[in-house]
Amino acid sequence: MKNNKKKKETMIKKTIDFENKVILAPMVRIGSFPMRYLSLKYGADYVCTCEIVDKRIIKSTRIVNKKLGTIDYMNKDRIEFRTTDYEKGKVILQLGTCDPDLALQAAKHVEQDVAAIDVNCGCPKRFSVIGGMGAALLANPDKIIAILTNLVNNLSIPVTCKIRLLNTYEETIDLVKRIEATGVAAITVHCRDAVKIPVIANGDIFCYDDMEKIKKISNINSFMIARAAQSNPSIFRRDGLLPKLQIVKEYSKLCAKYDMPYQNAKYALLCIWQDHQDNIGYSLVKSKSIHDICKGVGEEEYYYQVLKERNEKEIELSEETRAKQEETYADQCPYIPRAPYIPKNLKHALDESDDKGGKVDNENKKDEKIVVKGDEGKENVHVEVNGNNENNNEVTKEKKSIIDESKIITEPNSQESEKNKHKKIKLS
Ligand SMILES: Cc1cc2nc3c(=O)[nH]c(=O)nc-3n(C[C@H](O)[C@H](O)[C@H](O)COP(=O)(O)O)c2cc1C
């Protein structure tokens, strides 16, 4: 408890502005990265992920995916949440939860990569209410308050809450006031006049005119859009909708670029395209890979370009990794990698000449040297005696006996580092 209090005092709280904003609503199977990307591109101020259940986030591993330029939260091969810099400061992660501690653990895990955490207290779908989450929480306002309080007190990012209207006006007002008192940054429901925090209107908004109408009859100036974005994310454009063909092409290209699972892409694309009978619709229905999808919407060439770029990136990254590993080994073991390789038979000869004391013919050995080329292994070694190159295996005992050890030098081979060039090795 004491520690928590200290943390709270020193934590720098980030804020985001929820006034006059248009937001992509959380949508299961729809709110993945390509949909969020297009919504932002076409004018959304913030974008919500689909609901992600706390336990899934907690057990996921955060991976910086250099190949794709993404940050991934993975459970084995399953992507729970994939994000990029494109949505930094704009992506709101919607949490499915019914437990204050699990909610906090999950939110802490993703805190550095999201702009805010939204708690789902409004989704009536089976997958959500099944564990007492989503709209099921509305039956237990104390639980909602406990979850929100724990998040607000311990997170550095804003917390929001999405609810539905309760049976009576009074009940709804009572709940939103209690929610406001927890310190949340905004609430998604139609109760603007009752609270001071921004209220985001959601439901049946299909164009900017709809937003203007709501503005006129209430004090609400922020909006959240789900189904209209699901069928065409260019709904966020102030200049009107773009043709669906352009949108499905863009969506497919994003799926290729960010290596999205084809099943999810197919579902979202069919929600946009809707006509399942024409050529594009039919090829989407039959698609079994991102390649099929891109081919179906006339973007096969782009797909191959992406694959080529990804392979190049992979090679670049593996070379970087190898270089790093080599550096690490050199640091751990500073002498061995740079030491010259002395073949056994040669070393033996040196020992022998030493043993003989004064028996080495010093006059006849003037022009003789052993050149040990490189330090990597036997293949690199060759021996020069009296200016003749000789394979080390062919050095005769006689010749060995006149080796002058003071002339043993290393000659760097082409792969040796600059540092080692012209380095003389003393064997004594
Ligand atoms: C496909 C789909 C999935 C949805 N998934 C979620 C969800 O995960 N969490 C949530 O709070 N609401 C969810 N909703 C509800 C929407 O966020 C929104 O509240 C509702 O659709 C009303 O907005 P609209 O009239 O703009 O569609 C979903 C709606 C749709 C259409």
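1. Start with C255, which sits in helix α10. This is a predicted model, so take what follows as computed from it. C255 has 26 other C-beta atoms within 10 Å, and 20 or more is the cut-off, so it counts as buried. Setting aside neighbours within four places in sequence, C255 is in contact with P34, M260, A265, I290 and I293. If you are wondering about C294, C255 and C294 are 39 residues apart in sequence, and their C-alpha atoms are 8.9 Å apart in space.

2. Just along the chain, have a look at D259. This residue is in the loop between α10 (244-257) and α11 (262-273). Its phi is positive, about 50°, although D259 is not a glycine. What about its surroundings: D259 has 18 other C-beta atoms within 10 Å, so it comes out as partly exposed.

3. R29 is another residue to check on the backbone plot. Here phi is about 70°, again positive in a residue that is not a glycine. R29 belongs to the loop between β1 and α2 (33-41). R29 counts as partly exposed because it has 13 C-beta neighbours inside 10 Å.

4. Next, strand β12 (residues 222-225). Is this strand covered on one face or on both? Both: S222 and M224 are buried on one side, and F223 and I225 are buried on the other. For its pairing, β12 runs parallel to β1 (residues 22-24), with three bridges between them. Within that pair, V22 stands opposite F223. Strand β11 (residues 199-202) is also parallel to β12 and is joined to it by three bridges; there, I200 has S222 as its bridge partner.

5. There is also an open sheet of three strands, in the order β4-β5-β6 and with antiparallel pairing. The edges are β4 (61-65) and β6, each of which pairs on one side only. On average, neighbouring strands in this sheet are turned by 30° against each other, ignoring direction. Five bridges hold the antiparallel pair β5 and β6, and I71 stands opposite T83 of β6. As a reminder, strands of a sheet pair through backbone hydrogen bonds, either parallel or antiparallel.

6. Now helix α4. Which of its residues are buried? They are A103, L104, A106, A107 and V110. Looking down the α4 axis, these buried residues fall within an arc of 165°, so they line one face of the helix. As for what they pack against, the list is α3 (54-58), β5 (70-75), β6 (78-83), β7 (91-96), β8 (116-121) and α6. Two strands of the sheet in point 5, β5 and β6, are among these partners.

7. Last, the helix pair α4 and α6. The axes of α4 (residues 100-110) and α6 (residues 141-154) come within 8 Å and cross at roughly 35°. The crossing is right-handed. On the α4 side the contact is made by P100, A103, L104 and A107, and on the α6 side by A146, I147, N150, L151 and N154. How do these contact residues divide by type? Seven are nonpolar and two are polar, with no charged residue in the contact. A103, L104 and A107 from the α4 side also appear among the buried residues of that helix.

Note on methods:
Residues numbered from 1 in each chain as written. Predicted model: local features only at pLDDT ≥ 70, side-chain atom pairs only at ≥ 80, totals over all residues. Axes fitted to C-alpha atoms, helices over the stretch in contact; angles between N-to-C directions. Helix = DSSP H or I, 4+ residues; strand = E, 2+ residues; numbered from the N terminus. Left-handed = near helix turned anticlockwise from the far one by under 90°. Contact = placed C-beta atoms within 7 Å. Nonpolar A, V, L, I, M, F, W, Y, C, P; charged D, E, K, R; others polar. Buried ≥ 20, exposed ≤ 12 C-beta atoms within 10 Å, placed from the backbone. Arc of directions from axis to C-beta. Pairing = 2+ DSSP bridges.
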